[in-house]
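User: Please take a close look at one sheet of this model and the helices on it. Then set that part against the rest of the structure.

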Amino acid sequence: MFFTVGMVALSFASHGQNQLDKEIKVDKVRASVKEKFTIHGYVREKGSGEDLLGVNIFDVRSGKGTVSNYYGYYSLTLPSDSIHLKYSYVGYSEDSRLLFLNSDLEINIDLEAGQTLEEVVILSNKPIPLHEMTQMSSINLTSRQIESMPALGSEVDVLKVLQLLPGVQGGHEGSSGLFVRGGSQDQNLILLDGVPVYNAFHLFGFLSVFNSSAISNVELIKGSFPARYGGRLSSVIDIKMKEGNNQKLKGNATLGFISSKFTLEGPIKKGTTSFMVSGRRTLFDLVGKPFLNSRRGETGYNFYDLNIKLNHRFSSRDRVLFSIYNGRDKAFENEKFTTEDQNNPELPDRTENDASLRWGNTTSIIRWNHVISDKLFSNISLVYSDYTFRTKDRHLHEERSLEDTITVIRRLDAQSGIEDWSANMDFDFIPSPAHYIRWGGNIIAHNFTPGITAFESSFKMDTVVGALKTPATEYNLYFEDELTISSRFSANLGLRFSAFDVADSLYKSWQPRVGIRYLVFPGLAFKASYSKMIQFIHLLTNSGVGLPTDLWVPSTDQVEPQESNQYAAGLAFDLADQYQISLEGYFKQMNNLIEYEEGASFLNREANWEDKVEAGNGRAYGTELQIEKRFGRTTGWLGYTLSWSNRQFEVINQGRRFPFKFDRRHNFNLSLTHRLKDNVLLSGSWVYTSGIALTLPLQEYSGELILIARRGLGVLQDIEKRNGFRMRTTHRLDLSASFAKKKKHGERKWIVSIYNAYSRRNPFFIKREFRRDKDGVHRLRFIEQSYFPIIPSIAYQFNF
Amino acid sequence: MIRFSTFYKGFTLLALISACEQSADLAIPAQSPKLNVYSSFGAGDNHDWIFVISQSKSIVDTTSISQFGIPNAEISVFENDVLLPSPQLVDIQEYFLNGFDIGGQFPATGMYLSNIKPQAGSQYRLILSSEGIGTIEAESRIPDKVEILTVELDTVMVEDVNQIAVTGANARLRFKDPGNQPNFYHLFVEISPDETSLNVNNIFGPQLRVNNPELNLDTNEDDILSEYQTLPGGIFFRDAIFDGQEYEISFSIAAQLLVRFLRGNAGEEFSTLNVRFALRNLTEENYWYHVTTRLQLSVRNDPFAEPVQVRSNLEDGFGLFAGFNQDEVIVILE
């Protein structure tokens, strides 16, 4: 049955207090009532042109909708009819369109960010209700949420904000390490604009490499992994860099306690081409120079990072993005001096020492987004990622005499790292609101350098020890469909195939992924998921804090890939459009985990790493509760995690199961942000976590006589259980206040932070010390050292 | 300029103070002492069967370990379920140390000597008790002897602790590993000017360093960064890569006297030099006890090393009660 529609010029009812729906003119066409048409386009931020991912787009009348993808693109196919489209995104004013749909349409939407208190109050926007999403075990944070959180030294750190979420445990006090659902640090796939970052830490693990000024969005997935993600067992942390304002030049500069930074973004060609540059550098070495340097030489530490992004739209269908990140840390000590030789006072001996540690990442991606059709979106990219750690130690000593000069030279160069090149193709196909299909694949060429040490001395030829470079190739293919089966039931079904070719070994893996959602009653959904994950690379670490000495190594014929099976189930509840409540339980079995064997240390570099590791299994389970409020003057979340994480290795701990080092039974956090005035934002977070596990000897006893004779060491220690002890509970209150003021050329902001406001002595590590008791007897004591008492800080920021 | 400098220093000082160190005690629960025995026994007449018995102490107790020997332990030893005569307490200084100062790191008492010579193929069981501490048990056996086929001695250029190339002694020892079973070995060398002074209880054997990298020792003796420092008491290795085959192990011997003899310039000091090469076939528990003790001690000062648990075949106690079988070759240099 056909009918004809004349020129449609719908008049729009006002929606909200200050918004009018826009007029859409639709040409006269013939349309079928059974015919379907597709609306597609991009959703961007008004004023900057920044893509908005995860925007909820739905037709109020039919109740059908979709979500914008990673690049802000959306596609919604509906039957020809009058429709009322709403675009909503948290923190942004809502937009809507009323139209009669009788042809395919391209609608690009600019959503306006809520800037002031008044705007926040009137915003009718809301996030996608939790109960409507099939995806579970996932959290999305915007740059605004991240930047509003209190921070150590006023240096906002994305990874430390993620530590405040349920299911995520921090490492040692003050560090940026992440341990998600009982997994190890290497089981987090940390992506910066889609590029893996292998060492995400500056400052020996105390600060992440992600400059918050350059970030637009962060998504954490800790379970129910869609098939498009793979390569790690425990989490995906997808960090998206800002694309650069394509409307006007903007920027900011911040002078902070830990680092100072700047960001500049703007159009190269308005509306078409934009750039973003952001840089950051610590000032430790410059501030500390008068104290650390001497006439003999200098000692210091510094880090920097630089983010650059270029974004060009060729047309509404084609866009190219290029981004690069480079960051480096350097700790150094060098000295030169002479010492008088009594036999030759006129010819003093000369000594030179030069030692340094350098490490850092370089990542880069060039990406082409192409809208093949209204329903099919493609993304093709070339990716480069490199992490290198180098240590250098040179010693020169010259003893000079009238006859000759004796020179002693020692040189040690050690290097480790990983370099990746990869090509990726991804497609989004949205044939109808009932299906969101994604497929794609990639090839990754890995090049591992798992620890090479070069020695040179006056008396010895150059020697190179350790494992040589190991190339490996990884292949991934995936297919997933997010399907709406009924108004109550939806699912995400996917399958991923991975293969890893290294030396003479080829590993293959099929990884099914299933996520389901069932609407129990309006507002409440039951969700469940299963994910099999495989990880072909391993991180060898003694410290667990993200030290640059940690080694990335591949799976080999001796070391099999890690794999996990994770099951999760839970409830998602949206209460009065104000609160989102989620309660989840999970169980994760991990196989082929590797650990250094007993007594192994990265300091022992001669042995091949494969000879120093043991393979075993892990098990993690627990429950997580999160209550989040995303609107109004006061926003924030409350999170609680009850969890267990164990490991079992045949020859470690005599084969008995033992707690994972960062197994923490309870983890409670409360994070709140309150906008006191237009220009005053207060925030605070309180964290309470069980202490981390550690291994301590409890008793001593005598060993063999021969050991004493040779080493003066004969007393053995009884280490009854691996990780059998717990440090004290950690809790801490962090506060922050920012005061903004409009100035002639922009806005200045003072950010005052107090880390550990009540100066809780949270333990950092254990030190053994002999101390005298009250009764005067010397006793060995285990002292919990704390390095982060109350630390106030202030930062100055200028936005223009 | 002065003002700027003052501000500069003041700011840095403030930063340092605000990040100052704080500390708190970690409570260690009280521990009940456990019995500790060391008895590694071999077949044949060349070895005395000794038992060193002591008790453990809390890690926080700073009393010298020499105070924890047990002179009144009740020791019952069974050979194939037949009770043997009890070992007798002996004076540790007289018997073992010969005046050597052990710096309070070894029990001053608690050494017992058995007059029984263990036999290959026999099964042995120990029941040890001490009033107020408890009772522990262990079982072990004497494995078969593995014969040394050949021994060769030579000189090679090696690097000393100052990375200076010097002449060193090198030895190659060949033996046939019994097949279809895991075997555990302990190789050590003793050097003496005359054969009679080769003492089975001599604890001053030279340090050895393995030259077979494929052996992949369970101890950390191949650590290139720890200078030329091998662990005492010889080399412990397994037959994982040569099960059932003839194998030649090559190793350096840190003994200048031996080097001088090999180079023919020993001078007037000694006319002969006796070098004993001993290869012990260990029971598995014997091997792992010795390996893990060495491993624990070798990494004690490395803050990044993974902790090492010493393996023991004594349930609810510490130490070792395990057998070995030794073959040896004495090379006389003139």
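Analyst: The account below starts with the sheet and moves outward from there.

This is a predicted model, in which local features need pLDDT of at least 70 and side-chain atom pairs count only at pLDDT 80 or more, while totals for chains, interfaces and linings use all residues. Residues are numbered from 1 along each chain as its sequence is written, and chains are lettered from A and ligands numbered from 1 in the order in which they are written.

The part in question is an open sheet of eight strands in chain B with mixed pairing, in the order S7-S8-S3-S2-S18-S17-S13-S15. Helices (H or I, at least four residues) and strands (E, at least two) are DSSP runs numbered from the N terminus, and two strands pair if DSSP finds at least two bridges between them. Strand S7 (88–90) and strand S15 (235–238) of chain B form the edges, each pairing on one side only. From one strand to the next the twist averages 30°; axes are lines fitted to C-alpha atoms, for helices over the stretch in contact, and angles run from 0 to 180 degrees between N-to-C directions.

Two helices of chain B pack on this sheet. Helix H3 (residues 256–263) touches strand S13 (184–192), strand S17 (273–282) and strand S18 (318–333) of chain B, and its direction makes about 120° with that of S17(B). Helix H4 (residues 284–298) touches strand S2 (35–42), S13, S15, S17 and S18 of chain B, and its direction makes about 90° with that of S18(B). Contact here requires C-beta atoms, placed from the backbone, within 7 Å.

H4(B) is mostly covered, with 14 of its 15 residues buried. A residue is buried if 20 or more other C-beta atoms lie within 10 Å of its own, exposed if 12 or fewer, and partly exposed in between, again with C-beta atoms placed from the backbone. From first C-alpha to last, H4(B) reaches 21 Å, close to the 21 Å expected at 1.5 Å a residue, where the expected span is 1.5 Å times one less than the number of residues.

At one edge, S7(B) runs antiparallel to strand S8 (residues 111–114) of chain B, to which three bridges join it. In that pair, Leu113(B) is the bridge partner of Gln88(B). At the other edge, S15(B) pairs with S13(B) in the antiparallel sense over four bridges, and His186(B) has Phe236(B) as its bridge partner. Both faces of S15(B) are covered: Ile235(B) and Phe237(B) are buried on one side, and Phe236(B) and Arg238(B) on the other. In a regular strand the side chains alternate between the two faces of the sheet.

Strand S37 (residues 551–554) of chain A also has both faces covered, with Leu551(A) and Val553(A) on one side and Trp552(A) and Pro554(A) on the other, all buried. Strand S36 (residues 537–540) of chain A runs antiparallel to S37(A) and is joined to it by four bridges; the partner of Ile537(A) is Pro554(A).

Chain A also has an open sheet, of five strands with mixed pairing, in the order S13-S20-S21-S16-S17. Its edge strands are S13 and strand S17 (195–196) of chain A, each pairing on one side only. Within this sheet, strand S16 (residues 188–192) and strand S21 (residues 235–241) of chain A pair in the parallel sense over five bridges, with Leu191(A) bridged to Asp238(A).

The largest nonpolar core has 152 residues, and Val158(A), Leu162(A), Ile237(A), Val37(B) and Leu258(B) touch the most other members. A core of this kind is a set of buried Ala, Val, Leu, Ile, Met, Phe, Trp, Tyr and Cys residues joined through C-beta atoms within 7 Å. Leaving out residues up to four places away in sequence, Ile237(A) touches Leu162(A), Asn188(A), Leu189(A), Ile190(A), Leu191(A), Val218(A) and Leu220(A). Apart from the core of 152 residues lies another, of 35 residues, among them Tyr71(A), Tyr73(A), Leu99(A) and Met136(A).

As for chain A overall, it has six helices and 53 strands, and 46% of its 800 residues count as buried. Of its contacts between residues at least 6 apart in sequence, 65% join residues at least 24 apart.
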